[in-house]
Structure formats: C-alpha cells, structure tokens
Amino acid sequence: MTAAAQGPLATLKIVEFEGLGPGPLAGWMLAGLGAQVTLVRRPGGNPMAEQLGGPHGTRLVDGKAHVVLDLKSKAGLADARELIATHDALIEGNRPGVMERLGLGPNDVATLNSKLVYGRMTGWGQTGPLAQAAGHDLNYVALSGMLSLGARRGGEPPIVPPTVLGDAGGALALALGLVSGVLAARQPGGRGCVVDAAIVDVVAMLGTLALWIHGGGQLAGPRADSPFHDSPFYEVYRCADGGCLSLGALEPAFWALALQRLGLDDIAPDSQYDVRTWPALKARLAGLFASQPRAHWDALLEGSDACYAPVLSLAEAAAHPHNTARGTLRVDVATGQIHAAVAPRFAPL
C-alpha cells in the first residue's frame, strides 16, 4: 500500500505520552490521517480517562501502538529516550516542568534528535502567571474572553459550553503545529522546535471572527442589540413536541426565503435589521414554531437556503441522512457508543 493510500501523514512518526483530553485527541486525529503514533502508557492505567469513558474505554487510543513504560525507572526512561530519538514529533500534556523533572524535557532530548518537534499541550501555556495552575476547558474559555460573549440579557451568566470549544480547539491547533514543525524540520538545514499549544491562546485565536464583530460594536460591544443574541432570525426555538430547531438567516436573501416559507408575507424582508421590531417578531416566531412538531419544520425548511437545521440529539445526529451519507458518525453495534470519523477528508485531484 502506498503512503497516499495509508493517509497523507503516513511518513509521520509520533510518540505520545499518555494524558487526558486534548493531547490524546490530537494524537487520535493525526493517527486517523495516517501518522504512526506510539502511545506511552503508565503502569496501572489512566483512572480519569476510565472514569470519563466508562466501561468501554476511550476511542482516543484507537489507531495507536501502545507501550507501557514506568518513567520513574531507569529502564523506562531509557526506553522512552530511544523512542524519542527515532520519532519525528512528541506529544505531552503535563504541567510545565514535569517532563524536565523526568529528564525528558526539550533541552534533555535535543541531543537525541535535533529535528524533533516537541508538542506541549496545556491550558495556560508554558509561561505566564497561571502556567502552574490547574484548570479545565471552561476556565480557559472564560479567561480568553470568549465565554462572556455567550451571556444573555437580564444578568444571566453565560451558557456553559460542552467540552469541545477549548479542548478540541487546542487539539486541532497542536496537530497543526506539529505538522507545520515537522515540515520545517524536514527542509535542508531544518531543526526541531517546541510547540507551545495553550488552550487559552487557541480559543482567543479561534475567536477572531467574534473579535471582528465585537470591533464593529456588536457581541458585548457598545451597540445594545446584537443579531447573534437578540434577533429573531438567529435563534433556537422550541417546537410543539419539545424538540428544538435552529434558524440562522443572517443574510437578507436567506431571511426573505425563510419568511416566504413560513407564510409571513406581512413582514418586510428589508426591515430585517430594524432592531425595534425584533422583540415582537421573535415572540411571534416562537409561537409559530411552538404550534407544530419539529418534523413539520424539517419538511418545510431543511435543505433550503433558509439557514435551518434541527437541534439533534447525538443518536439522531448519527442517524441523520446527511451524516450517514458522509460517514460523519457511526454507532458501534456492540456497545451502542457513537463515534466520529476523522476530518478533514482527502480526495484525489
């Protein structure tokens, strides 16, 4: 089998030191794209990963070769150093200084492998006043400023996002950083580098679109009304059967189509951004959507340019025709667990 058939990263060799969350996710993403990932596991397992993953374990170890090493022993350290010497990149997610105390920090291994790309996955980063503090996804998103943008009117606190924004964003950034670093190291005269993938940095970067909109006066800016929080055309509505739907018709042409399909011919599409009309129109739409079950609105709006999608449970998402056609999600028939496919996809030119 050719390297291309195995995946675009088939020539990439990574050693991953067992961790929790974004580091293992980055390794799983890279393995899914063909990278050869060797996972260094601790003796005795990973209790927190087992707690979160339940009796069926974690998908994040799939596609990786496994080796159990006691890094507190001379033999385990020697084996780890041998792995590092023969791999292109490394993933670790410990607090700053832990790998150094083991004798496996960047300065310790640079002489073993001068082209090594050393990936460090943390919440706060390798430097800064909070570098040694504990934290999780929610904390990093909060400190980036992005969590505040989810606050609603009336003094309610921001909605707590699922653990995907920070951790998953951090994993994706680490994967990008590792591949970028290896590409540079493979150039004539190239050397390895340290990739400092701090979730707080990554979330702030991913919020660039939000920062742009904030700079225009919206999203917690000086303009009181935001289309992302207050408008009737960018909202989640509840249906008669308790299901929910999402409407995101920001552009005038899409809003005009939504109004047409909903039979709201008395509403002028060109008044879309007249904020004075928003409260009454939002209440009207809420009543309209609550008058029929979600399936009714699916049949009327889904697949059109009204910018509509039903709010699906995970089980519903796995069974949705669009996701099944693309193979986005699958259900393990033995365990009932839902698994996602690696993205992005690659196809020949």
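User: Buried means under 20% relative accessible area, exposed over 50%, and partly exposed in between (1.4 Å probe, protein chains only). What share of the 349 residues in the protein is buried?

Analyst: This is a predicted model: local features need pLDDT of at least 70, side-chain atom pairs count only at pLDDT 80 or more, and totals for chains, interfaces and linings use all residues. Residues are numbered from 1 along each chain as its sequence is written, and side-chain values use heavy atoms, without hydrogens or water. Of the 349 residues in the protein, the buried ones make up 40%.

User: How many helices and strands are there in the protein?

Analyst: Helices (H or I, at least four residues) and strands (E, at least two) are DSSP runs, numbered from the N terminus. The C-alpha atoms of the protein fill a box of roughly 75 × 45 × 40 Å along the principal axes. The protein has 15 helices and 11 strands.

User: Is strand E1 mostly covered or mostly uncovered, and how many of its 5 residues are buried?

Analyst: Strand E1 spans residues 13-17. This strand is mostly covered. Of its 5 residues, the number buried is 4.

User: Which strand is joined to E1 by 5 bridges?

Analyst: Two strands pair if DSSP finds at least two bridges between them. The partner here covers residues 36-41 and runs parallel to E1. Lys13 has Gln36 as its bridge partner there. The strand joined to E1 by 5 bridges is E2.

User: Which residue in E4 stands opposite Ile14?

Analyst: E1 also pairs with E4. The two strands are parallel and share 3 bridges. Opposite Ile14, in E4, stands Ala89.

User: What is the count of salt bridges?

Analyst: Side chains of opposite charge can pair when their charged atoms come close. For a salt bridge, a side-chain nitrogen of Lys or Arg must lie within 4 Å of a carboxyl oxygen of Asp or Glu. By this rule, the count is 12.

User: Which residue forms a salt bridge with Arg120?

Analyst: The closest N and O atoms of this pair are 2.6 Å apart. Arg120 lies in strand E5 (residues 117-122) and its partner in strand E4 (residues 89-92), so the salt bridge ties together parts that are 28 residues apart in sequence. Arg120 is buried, with a relative accessible area of 4%. At 1%, its partner is also buried: Glu92.

User: Is Arg284 buried, partly exposed or exposed, and what is its relative accessible area?

Analyst: Arg284 forms a salt bridge with Asp266, at 2.9 Å from N to O. Arg284 sits in helix H12 (residues 278-289) and Asp266 in the loop between helix H11 (252-261) and H12, so the pair links parts that are 18 residues apart in sequence. Asp266 is exposed, with a relative accessible area of 55%. Arg284 is partly exposed, at 38%.

User: Which helix holds both Arg294 and Asp298?

Analyst: The side chains of Arg294 and Asp298 meet in a salt bridge (3.8 Å, N to O). Both residues are buried. They are 4 residues apart, so about one helical turn separates them. Their helix covers residues 294-301 and is H13.

User: Which residues are linked with Glu18 in a network of salt bridges?

Analyst: Glu18 belongs to a network of salt bridges. Two arginines are linked with Glu18 there. They are Arg41 and Arg42.
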